[in-house]
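Here is a short report on one protein chain. Keep the sequence and the 3D view open while you read.

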Amino acid sequence: MIKYFLMRKKIIIPFLAMLSFTAAAQQKNSKNEKSEVTDKVSVKDQKRYKFFCANAAVTMADGTLRPISDVKVGEKVRTCHKGKSISTKVKEVEVYNNPDAALTAVYLRPAKETIAKGEVQQLVPALLLEATPHHQVQTNKGNKTMRQLSKNDILYHYEPETGEVSDWKVGVVQTNARKVDTAYNLTTEEGSYLVENVIVLDK
């Protein structure tokens, strides 16, 4: 009888240990899957984080615009590479709750906005791009952060009607424009995407 119980104990203990290991592995996988979908970032040390307001318009792969807060992991968005529009997959969506950093506002106008003689002047409305000071964008002088932009810097704008990329010139840069309750950033396979049809980097 004693031998029977000892044998049973030897079988049960490893079995329970295996169950415990399996449960822990499943819990870890579940946690990893959740972090890939949405990474909620704490308020601590957010001054150097990069993000946009919740209603910043992201250009999806089909050309439609969608608030960044509604973009999901696995969906495809548009970006530009070597002057051509391409699509790229969203790998991660970062969510910032009650961020400390204020947004920097940059107002852009077409760089080649010229009026022929005798024509009535019809200026294109200025385009507003808002992001944190440390968020990078592509310019004619290389990558710059929002706070490094100055008047007449050139940013690149995707034209949905033609599918081409055009030059847009910085007019006004307003620091500490406003704060938001919730903010977002995307990580893509290409490393960039379009916000307000302007090329921005995801880092």
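## Surface and overall make-up

The protein chain exposes about 12600 Å². Carbon and sulfur atoms supply 52% of that area. The model is predicted.

One helix and 15 strands make up the secondary structure of the chain. Of its 203 residues, 34% are buried. Take the contacts between residues at least 6 apart in sequence: 61% of them join residues at least 24 apart.

## The nonpolar core

The largest nonpolar core holds 34 residues. Which of them touch the most other members? They are Phe52, Val58 and Tyr193.

Several strands feed this core with at least two residues each. Among them are strand 2 (52-53), strand 8 (127-131), strand 12 (164-178) and strand 13 (182-188). Strand 7, strand 14 and strand 15 also supply at least two residues each. Strand 6 (84-97) gives the largest share, which is four residues.

## A nonpolar patch on the surface

Tyr107, Leu128 and Val172 make a nonpolar surface patch. Its area is about 230 Å².

Tyr107 belongs to strand 7, which covers residues 103-110. Is Tyr107 buried, partly exposed or exposed? Its relative accessibility is 31%, so Tyr107 counts as partly exposed. Buried would require under 20%, and exposed over 50%.

## Salt bridges

How many salt bridges does a search of the whole structure find? The search finds four.

Start with Glu75 and Arg66. Their side chains meet in a salt bridge, at 2.7 Å from N to O. Glu75 has 23% relative accessibility, so this residue counts as partly exposed. Arg66 stands at 25% and therefore also counts as partly exposed.

## A bridge between two strands

Arg178 and Glu130 form another salt bridge through their side chains, with 2.9 Å from N to O. Arg178 lies in strand 12 and Glu130 in strand 8, so the pair ties together parts that are 48 residues apart in sequence.

The two partners fall into separate burial classes. Arg178 has a relative accessible area of 36%, so Arg178 is partly exposed. Glu130 has a relative accessible area of 12%, so Glu130 is buried.

## A salt-bridge network

The side chains of Asp153 and Lys144 also meet in a salt bridge, again with N to O at 2.9 Å. Asp153 is buried, and Lys144 is buried too.

Which residues do salt bridges with shared partners join into one network? The network consists of Lys141, Lys144 and Asp153.

## Asn197 in its loop

Asn197 sits in a loop. Strand 14 (192-195) lies on one side of this loop, and strand 15 (198-201) on the other.

Is Asn197 buried or exposed? Its relative accessibility is 9%, which is why Asn197 counts as buried. The cut-off for buried is under 20%.

What does Asn197 touch, leaving out residues up to four places away in sequence? Its contacts are Thr59, Leu65, Tyr156, His157, Tyr158 and Pro160. The strands on either side of the loop, strand 14 and strand 15, each supply at least two residues of the largest nonpolar core.

Terms used
Residues numbered from 1 in each chain as written. Predicted model: local features only at pLDDT ≥ 70, side-chain atom pairs only at ≥ 80, totals over all residues. Heavy atoms only, no water. Buried < 20%, exposed > 50% of the residue type's maximum accessible area, 1.4 Å probe, protein only. Contact = heavy atoms within 4.5 Å. Patch = residues over 30% accessible without salt bridge, like charges linked within 9 Å, V, L, I, M, F, W, Y side chains within 5 Å. Areas by Shrake-Rupley, 256 points an atom, 1.4 Å probe, with all protein chains shown as cover. Core = buried A, V, L, I, M, F, W, Y, C linked by side-chain atoms within 4.5 Å.
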